[in-house]
Each structure stands twice: as structure tokens, then as C-alpha cells.
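Here is a short tour of a protein chain, written for someone who likes to think at the level of side chains. Have the structure open as you read, and rotate it as each residue comes up.

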Amino acid sequence: MPPIYGANGNSPACRETTSSFPSPTTSTDNLSISRRTTMTTYAIIGSGAIGSALAERFHAAGIDAVIANTRGAASLQTITDKFGSTVKAAELEQALHSDVIILAVPYDAVPQVAKRKSDWEGRIIVDATNAIDFPAFKPRDLGGRLSSEIVAELFPGAELVKAFNTLPAAVLAADPVKESGRRVLFLSGNFQEARTTVADLIARLGFAPSDLGSFKTSGSLQHFGQPLVALNLLKD
């Protein structure tokens, strides 16, 4: 069986080179102000390989977050037994009121998450998915569109950033700080402020963020089958 990348799983083959929730009734204006003036809340959606890796990094960095899936909080005991002092289990509907929501689910499961709400105004959606055609294990034919552009349309009002999708889960879970530098994580998206927020999070997790700019600027470089996927760089 071929290896799997991103929130759909991740390939073990990777080269290393040095180089509290807002209320559902909170107004969108207040949500934007909240992100600037109070502690940002984070949610990891998905408890598979990538979701578990992210939970490990949040815990190691001492950053509070919640983790949720479609099976309910009770199904997350294995993760909370390890990381529960910082990463708490939550029901999906509760987790989706967080400021920054990381999609660590398979690409085809994204619509199931998106339909839980009709208005995503004021939230940042972090797309950690990869659109893969199984069992051929090739990039999905999306008619020339980027998978993140399609994901963004499912979350009206949200600001989407592509991140956490290029490293194998085992590498993402490992300590990103090495003797020769910090492991690089790429990000891209059309909203500068949202990219800055996610880049700050990546840095707090111990990685070196590399902002590729807008989707028009970065193109498909960060998407499955392209040069940056499974590229494991260290920045001194």
C-alpha cells in the first residue's frame, strides 16, 4: 500500500536539508477584535495521524487547544490521556467556535465539517488537507483549481491559510528544534493578517514559518504532488 501525505496520512519518506471558546452569538466584529486583544483559541479538527501530531506539538509548546472529531469527545481519550493538560477533547460544534480552526481531516471529509455551520465570519481556517486520488496515489484532478481554493469556498466568511500539509505526520510530531536549526513549515493564503496569525502560531510551536504569499503568488507549490511536499528543511 502506498504511503499517504498530509491530513489524509503522511509518507515516511522525507529528506532533511539545512537551509475558552467564543459564544456562538458573538458578533463578527467582536470576534476580530477578540483575536487582537485577547488570547486566541485554537481547535484541531481530526484525530488521525496529522491531528495527533499537532496535538503533540501544541502540548510540547504549552499552547492550549481543543481537539474534536465527528465521533465525539469520548472517542479522544487516547489523545487526552497523553496531552490533556493542554489539549482538551471537545464536541465538534463547540470546537468550531474557536478563532483558529485546523482541518486535520481527509480532504473528502472537509464538506462534512463545513456543513456544521453556515457562517464562518471572523474565523481563520487552516487547511492541512491534501487532495489525493486513491488508490492511484496521485494528485486529484480538480480541473486546474487549487484544492485550498475549493476548501475556502466551503467556509464562507472565513480567512483560509494552507499549512501543516507538507510534512509526514511522524516528522510533524517530532521536536522541530535541531542542533542545525528549526524545521521549516510552509504556509500560503490570500489574507495577509490571517497568514501572520498562522505564522506566529507556527513559530510558537517551534518551527520556522516560510510564508509563500497568496495562492496566486505561490501557485500549487505547496499542494500534493508538487516540489514542497515532503521537503524537510532546517533553517538556522
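## Glu153 and Arg145

Glu153 counts as exposed, because its relative accessibility of 54% is over the 50% cut-off. This is a predicted model, so please read each value here as computed from it. Glu153 forms a salt bridge with Arg145, and the closest N and O atoms of the two are 2.6 Å apart. Arg145 is partly exposed, at a relative accessible area of 36%.

By the rule used here, the count of salt bridges comes to 5. Side chains of opposite charge can pair when their charged atoms come close. Two further pairs are worth a visit.

## Arg116 and Glu93

The salt bridge between Arg116 and Glu93 has its closest N and O atoms 2.3 Å apart. This pair links distant parts of the chain, 23 residues apart. Arg116 sits in the loop between helix 5 (110-114) and strand 6 (124-127), while Glu93 belongs to helix 4 (residues 92-95).

Are these two partners covered up or open to the outside? Arg116 is partly exposed, at 32% relative accessibility, and Glu93 is also partly exposed, at 42%.

## A buried pair: Lys162 and Asp127

Next, look at Lys162, which forms a salt bridge with Asp127. Here the closest N and O atoms are 3.2 Å apart. Lys162 lies in strand 9 (residues 159-163) and Asp127 in strand 6, so the pair ties together parts that are 35 residues apart in sequence. Lys162 is buried, with a relative accessible area of 0%, and Asp127 counts as buried at 0% relative accessibility.

Which other side chain does Asp127 meet through a polar contact? The partner is the side chain of Thr129, at 2.6 Å. Setting aside residues up to four places away in sequence, Asp127 touches Leu103, Ser148, Val151, Leu160, Val161, Lys162 and Ala163.

## Ser148, a shared neighbour

Ser148 is worth picking out from that list. This serine is found in helix 6 (residues 147-153) and is buried, with a relative accessible area of 0%. Leaving out residues up to four places away in sequence, Ser148 touches Asp127, Leu160, Lys162, Phe215 and His223. Both members of the buried salt bridge, Lys162 and Asp127, are thus among the residues that Ser148 touches.

## The nonpolar cores

In soluble globular proteins, nonpolar side chains tend to be buried together. In this chain, the largest nonpolar core has 37 residues, of which Phe58, Phe164 and Leu172 touch the most other members. Beyond its neighbours within four places in sequence, Phe58 is in contact with Tyr42, Ile44, Ile63, Asp64, Ala65, Val87, Ile102, Leu201 and Leu205. A second, separate core of 24 residues includes Val66, Ile101, Val110 and Phe215. Phe215 may look familiar: it is one of the residues touched by Ser148.

## The chain as a whole

Now zoom out. The chain contains 9 helices and 13 strands. Of its 236 residues, 53% are buried.

How much surface does the chain expose? The figure is about 10,400 Å², with carbon and sulfur atoms supplying 51% of it.

Notes
Residues numbered from 1 in each chain as written. Predicted model: local features only at pLDDT ≥ 70, side-chain atom pairs only at ≥ 80, totals over all residues. Heavy atoms only, no water. Helix = DSSP H or I, 4+ residues; strand = E, 2+ residues; numbered from the N terminus. Buried < 20%, exposed > 50% of the residue type's maximum accessible area, 1.4 Å probe, protein only. Contact = heavy atoms within 4.5 Å. Core = buried A, V, L, I, M, F, W, Y, C linked by side-chain atoms within 4.5 Å. Salt bridge = Lys/Arg side-chain N within 4 Å of Asp/Glu carboxyl O. Areas by Shrake-Rupley, 256 points an atom, 1.4 Å probe, with all protein chains shown as cover. Polar contact = N/O pair within 3.5 Å; in protein donor to acceptor, adjacent residues only side chain to side chain.
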